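Student: I am new to this structure and would like to explore it with you. Could we go through it one question at a time?

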Amino acid sequence: MTDRTQRRTVRLTVAQAVVTYLSRQYSVADGHRRRLIPAALGIFGHGNVAGLGQALDQLSDRLPFVQGRNEQALVHIATAYGKATKRHAALAVTASIGPGALNMVTGAGLATVNRLPVLLLPGDTYATRHQGPVLQQLQHPVEADASVNDAFRPVSRFFDRITRPEQLLTALPAAMRALTHVDTGAVVVSLPQDIQSHAYDYPAEFFAEHDWPIRRPAPDADEVAAVARMLAEAEKPLIIAGGGVVHSGATEELEAFADAAGIPVAETFAGKGAIQRRAWWQLGGIGLEGTPAVNALAREADFVLTVGSRLTDFATASHSIFQNPDVRFASINVNVNDAGRLGATGIVADAKRALAALTDAVRANGTTTPADWRERVRALDEEWRERRAAALDPDTPFDFASLPDGSDVVRDTDAALSQGQLIGLLQEHARSGDTIIAAAGGPPGDLLKVWDATEGRFAHLEFGFSCMGYELPAAIGVRFAEPDPSKRVLSLLGDGTFLMAPTELVTAAQERLPVTIVIPENHGYQVIHRLQMLRSGREFGNEFRYRDGGLEIGSGKPARLEGDYLQVDLVRTAAGLGARAIRATTADEVRTALAETRDHDGPVVLVVPVIPHADLPGAGVWWDVAPAEVSEQEAVARLRGEYEAGLASQRWYG
């Protein structure tokens, strides 16, 4: 300790100061205080091992460290943790310079798009420049101070590069403010390799415990009144619940509002599970992967209230789903831009507080929906639930004649179940407190359409960025947030996603984390195969098949991936990475595997062959993905005509 400035100081390296500071930050929300940054994850390289590595070793009792296998996956773990904690806590992730840092950029984009807090601490090239160029340094021909870490700037909510030790005094508090802001995302503090080890006499009070409130912006009374008047005039209102309802913990308020006003509630991907109580107004998913019942109601609605959603093209069917010529929109959102989507009348506020205010308003006004609208909602939903039950029934043999190209598609497979029937088995097994996770390919769309996420069966769907490779590490992040092993954490991901990024199974095994990975093996990127068939009429490059004739690059000889399905042993792959791995083909085998592994104290991988091209019932809406405007292929010209006809349903709302 020194006393050169008449105040207590403590001499620490930049890395030691970062770790010490992070270990003493707390979030406060709704009267609950918790560690804001309870742990760090990372992979060490020459760009962070002597700096942050030394500090994390020295201070490991204050900030536990989790060793990973892939930097992008570690950011996904942290992002899922932030979502599972309702954005009340975040994890720090460190990587070395160059490729290690750049591996985190995709994860940063996912976190920022989804408004989820993660703290990234990438190493950076030398600030002193005595040694340059150094290993893995980018040499820009014009911008001499450019670093690969500048790639974080457009995908981060906050970015700073520390080139002097004292810069931490303003940079770290700014980072904490960004992490606890209602419009949060990836927060990046770039740490040059040499600066991490430089020392400075920091004010001792800088490392005192600090509380960061997570605020709930209050609604403006005039904005609430305006939306209440619109609702009172509506004959066919509809609510769309987004991720903001979940983040705000506004489920009870949304249920009370829907019940009081008699308004049906649809859900986006991020909003799946926003309604936990079963009622006639609890409908499920909307949009491209929503239910046909919800989408039919959306076409008829004359008033749509969106709560906590950005309304991407999946939810709006590329602005084609709302067809009532008199439809009007209102929105509740903490982000002023999102509150104005589709020309909506906005309430810029926290979802929990705004919904409570709206509920008071409709009760005071006696606002409720007409009986015929309620009956319409019930009738459409009942019809859909019958179709849903049939599609999920695992004990009725699948009708192979229903496939678009006949039963020949099952050559080289032993599949007996469709993906829908597998989901039916997972639904049958799910208990209150369990969480199911999905992010890319067919699983998130299928879960939005058919998963019952009520009564504590939580759904964790990442579709803001739809990032392949999120699902497995996300299970680790959710498990960190929910350590109770009786509450199963399960990720549903396709074989394509698993083959892309399976390595965090090793991390789950190392930490003895009970997570379950269910892989419906359908031999390809089948959801894109489906889109490809709808937009070009023929398969190319999406199924996992052997190449006929062999590939001779540069020879001009056509050699296409049109042989038998590729044979890959996913069970042995998973077992080799430390998981308890099982292959189950029949409904009873799946039931047995789920039951026998529920209490396993490490990662479980269940591989289930499913029938390719066997899809759930369609949502009945259009999506703006354009076939080629000119083509020598006859099918493409026909599909282009169908697409252009669909353009007529697309509208501008304001």
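Student: Are Y202 and F207 buried or exposed?

Tutor: Good place to begin, and keep in mind that this is a predicted model. A residue counts as buried when its relative accessible area is under 20%. Y202 and F207 both fall in that class, so the word for the two is buried.

Student: How many aromatic pairs does a search of the whole structure find, and which kind do the rings of Y202 and F207 form?

Tutor: The search gives 16 aromatic pairs. A pair of rings is described by the distance of the centres and the angle of the planes. For Y202 and F207 the centres are 5.9 Å apart and the planes stand at 80 degrees. Planes over 60 degrees apart count as edge-to-face, so the pair of Y202 and F207 is edge-to-face.

Student: What is the angle between the planes of F322 and F329?

Tutor: Here is another aromatic pair, and both F322 and F329 are buried. Their rings lie 5.2 Å centre to centre in an edge-to-face arrangement. The angle between the planes of F322 and F329 is 75 degrees.

Student: Which residues form one aromatic cluster?

Tutor: You have already met two members, Y202 and F207. The full cluster is made of Y21, Y200, Y202, F206 and F207.

Student: Which ring does the charged end of R33 sit over, and which one does R545 lie over?

Tutor: The charged end of R33 is 3.7 Å from the centre of the ring of Y26. R545 is placed at 4.0 Å from the ring centre of its partner, over the face. The rings asked for are Y26 for R33 and Y565 for R545.

Student: Let us turn to the sheet. What is the order of the strands in the open sheet of six strands?

Tutor: The pairing in this sheet is parallel. At the edges are β5 (65-67) and β8 (158-161), each pairing on one side only. From one strand to the next, the twist averages 20 degrees. Read across, the order is β5-β4-β6-β7-β9-β8.

Student: How many bridges join β9 to β8, and how many join it to β7?

Tutor: On one side, β8 runs parallel to β9 (residues 186-192), with F159 opposite V188 and F158 opposite V187. Strand β7 (residues 118-124) also runs parallel to β9, and there L119 has V187 as its bridge partner. The counts are four bridges to β8 and five to β7.

Student: Which residues of β9 point the other way from A186, V188, S190 and P192?

Tutor: In a regular strand the side chains alternate between the two faces of the sheet. β9 is mostly covered, with seven of its seven residues buried. A186, V188, S190 and P192 point one way, and the residues that point the other way are V187, V189 and L191.

Student: Which element gives the most to the lining of the second largest pocket?

Tutor: This pocket has a volume of about 780 Å³. Among its 47 lining residues, the closest to the centre are N114, G243, G244, H247 and G308. The elements giving two or more residues are α8 (243-248), α11 (313-316) and β16 (328-333). With four residues, the one that gives the most is α8.

Student: Last one: what is the relative accessible area of I423?

Tutor: I423 lies in helix α15 (residues 419-429). Buried means under 20%, and I423 is buried, with a value of 0%.

Note on methods: Residues numbered from 1 in each chain as written. Predicted model: local features only at pLDDT ≥ 70, side-chain atom pairs only at ≥ 80, totals over all residues. Heavy atoms only, no water. Pairing = 2+ DSSP bridges. Axes fitted to C-alpha atoms, helices over the stretch in contact; angles between N-to-C directions. Phe/Tyr/Trp six-rings, centres within 6.5 Å; stacked < 30°, edge-to-face > 60°. Buried < 20%, exposed > 50% of the residue type's maximum accessible area, 1.4 Å probe, protein only. Lys NZ or Arg CZ within 6 Å of the ring centre and 35° of its normal. 1 Å grid on protein atoms, 1.4 Å probe; cavity = no way out; pocket = protein on both sides within 12 Å on 5 of 7 lines; lining within 4 Å. Points joined across faces, edges and corners; volume = space filled by probe spheres on them.
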